[in-house]
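The following note is offered to a colleague who has the sequence and the coordinates to hand. The points are numbered so that each can be checked separately.

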Amino acid sequence: MSEPSKNSKFIPGITGDIEYKNPIFTMPSILQPYKIGILSYSASLLATFAGYPLDSLKTRMQTHYYKNALHCFKSTINNEGIRGLFRGITAPLLTTSLSRSMTVSIFTSSKPFVSKVIPSINTSNWGLNPETENFVQNFPVSFVSGLLAGAIISTFACPFEITKIFQQIVIVVNKDSNLNLKKNELPTKVFSVARDIVKYEGWKGLYSGYSYHMTRDAVSAGLFYSVYETVKLELQSINKKSDYFNDKVKDKVDAICVPLSGAIAGAIAWATVYPLDTIKANYQKDVLNNIIRVKVGLPKLPVVARKLVPNISMYKGFGPSIIRSICVTTVFFSAFEYLMQKI
């Protein structure tokens, strides 16, 4: 790699050190301790907006019947217009972005402590090269740190995700259930959704399906960060040793490693936890269905998640979901590490 310029220095990033060079803006010293949180939140705003329409399609396909993603897209546009794809985006822009930012901060902060608690793996007889040794030692530490970060943040994120899901599918639920409430009678705004949840389900209604949510977030964050770090470190190590590129090309390849690693990590993590997300979405859909039933004077129906499993496809909507995951992680990590270098 090329030598750092006089205007560069190395700062801690999500994966090792990031070279801070040729800044476009210098953050005031009072904000420097919060740099990771501020920049990860900014990057997350971009990523959330870019991936939201696909997230909306994913939720609809998980909870209702559509032939395929194109059918779901056309049906949404015909019945609700373009706005239907973005319904419920206000809360995620603020809360999902904040959750992702907090997760990054907790992950980076907890790694040094986790590395002290988790004993090193004795690989003296394995005959590993330094890069593989780094992978073996780093993976469990990253997984546990991500696990903790995901579990902690789920407590904050769950109420907001429920309101988002309700906004995304409330019109479809009303139509498919033949409950015949008029659109102006349906809770479609974030505050009206939250108000109705509390009114008909109590405050605990904001945490409907929380056990599924927490497990999903903990496992996916553990997998995501451990795979991301491992893949990025390995790709950059290969690039550094390559004899085929000069230093300028190596710098460009090094930058590509970031979004590529994020895309791979996001795809693996999401594919693993997707069935759990499908169960959670259908459980929460039935809670919403009960709220609408009570509004029209009908009794509630029982909501038991384990009864959903034999009756639904665990990977409905997986196509839009995996594309969204790749899109979001690519945008997020590209923007985040670029900002870390330049601010």
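1. What does the accessible surface of the protein come to, and what share of it belongs to carbon and sulfur atoms? The model under review is a predicted one. Its accessible surface comes to about 17000 Å², and carbon and sulfur atoms hold 63% of that area. Of the 343 residues, 50% are buried.

2. On the overall fold, nine helices and two strands are present. Their order along the sequence is β-β-α-α-α-α-α-α-α-α-α. Among contacts with a separation of 6 or more, 80% join residues 24 or more positions apart.

3. The largest nonpolar core has 25 residues. The members that touch the most others are Leu39, Phe224, Tyr225, Tyr228, Phe332, Phe333 and Phe336. At least two residues of this core come from each of α1 (35–63), α4 (90–117), α7 (210–241), α8 (247–295) and α9 (318–342). A second core, separate from this one, comprises 18 residues; Cys158, Leu186, Ile197 and Tyr283 are among them.

4. Helix α1 deserves attention for its geometry. With 29 residues at 1.5 Å a residue, α1 should span 42 Å, and the 39 Å between its end C-alpha atoms agrees with that figure. The helix nevertheless bends by about 50 degrees at Tyr52, where a proline, Pro53, follows within four residues.

5. Helix α4 may be read in a similar way. Its 28 residues should span 40 Å at 1.5 Å a residue, and its end C-alpha atoms are 40 Å apart, in agreement. A bend of about 40 degrees occurs at Lys111, and Pro112 follows within four residues.

6. Helix α8 also bends, by about 50 degrees at Tyr274, with the proline Pro275 following within four residues. After α8 comes Gly297, which has a positive phi near 85 degrees.

7. Two individual positions illustrate the surroundings of α1 and α4. Pro92 lies in helix α4. Its relative accessibility is 4%, under the 20% limit, and Pro92 therefore counts as buried. Beyond residues up to four places away in sequence, Pro92 touches Thr48, Tyr52, Ser97 and Lys164. The C-alpha atom of Pro92 is separated by 8.7 Å from that of Phe49, a residue 43 positions away along the chain. Ser56, for its part, is placed in helix α1 and is buried, with a relative accessible area of 0%. Setting aside neighbours within four places in sequence, Ser56 is in contact with Gly84, Leu85 and Gln168.

8. The salt bridges number 15. One of them joins the side chains of Asp55 and Arg324, at 3.5 Å from N to O. This pair links distant parts of the chain, with Asp55 in helix α1 and Arg324 in helix α9, 269 residues apart. Are the two partners buried or exposed? Asp55 has a relative accessible area of 3% and is buried. Arg324 has a relative accessibility of 16%; the limit for a buried residue is 20%, so Arg324 also counts as buried.

9. A further salt bridge is formed between the side chains of Glu80 and Arg60, at 2.8 Å from N to O. Here Glu80 belongs to helix α2 (residues 69–80) and Arg60 to helix α1, and the pair, 20 residues apart, links distant parts of the chain. Both Glu80 and Arg60 are buried.

10. Lys285 and Asp286 also form a salt bridge, with their closest N and O atoms 4.0 Å apart. The assignment of Lys285 as buried rests on a relative accessible area of 19%, which is to be set against a limit of under 20%. A reader should keep both cut-offs in view here, because a salt bridge requires the nitrogen to be within 4 Å of a carboxyl oxygen.

11. Finally, which residues are linked in a network of salt bridges? The network consists of Asp55, Lys58, Glu161, Lys164, Arg216, Asp217, Asp277, Lys280 and Arg324. The Asp55 and Arg324 pair discussed in point 8 thus belongs to this network, and Lys164, a contact of Pro92, is likewise a member.

Conventions:
Residues numbered from 1 in each chain as written. Predicted model: local features only at pLDDT ≥ 70, side-chain atom pairs only at ≥ 80, totals over all residues. Heavy atoms only, no water. Core = buried A, V, L, I, M, F, W, Y, C linked by side-chain atoms within 4.5 Å. Buried < 20%, exposed > 50% of the residue type's maximum accessible area, 1.4 Å probe, protein only. Expected span 1.5 Å × (residues − 1). Bend = angle between axes of the 7 residues up to and from the residue. Contact = heavy atoms within 4.5 Å. Areas by Shrake-Rupley, 256 points an atom, 1.4 Å probe, with all protein chains shown as cover.
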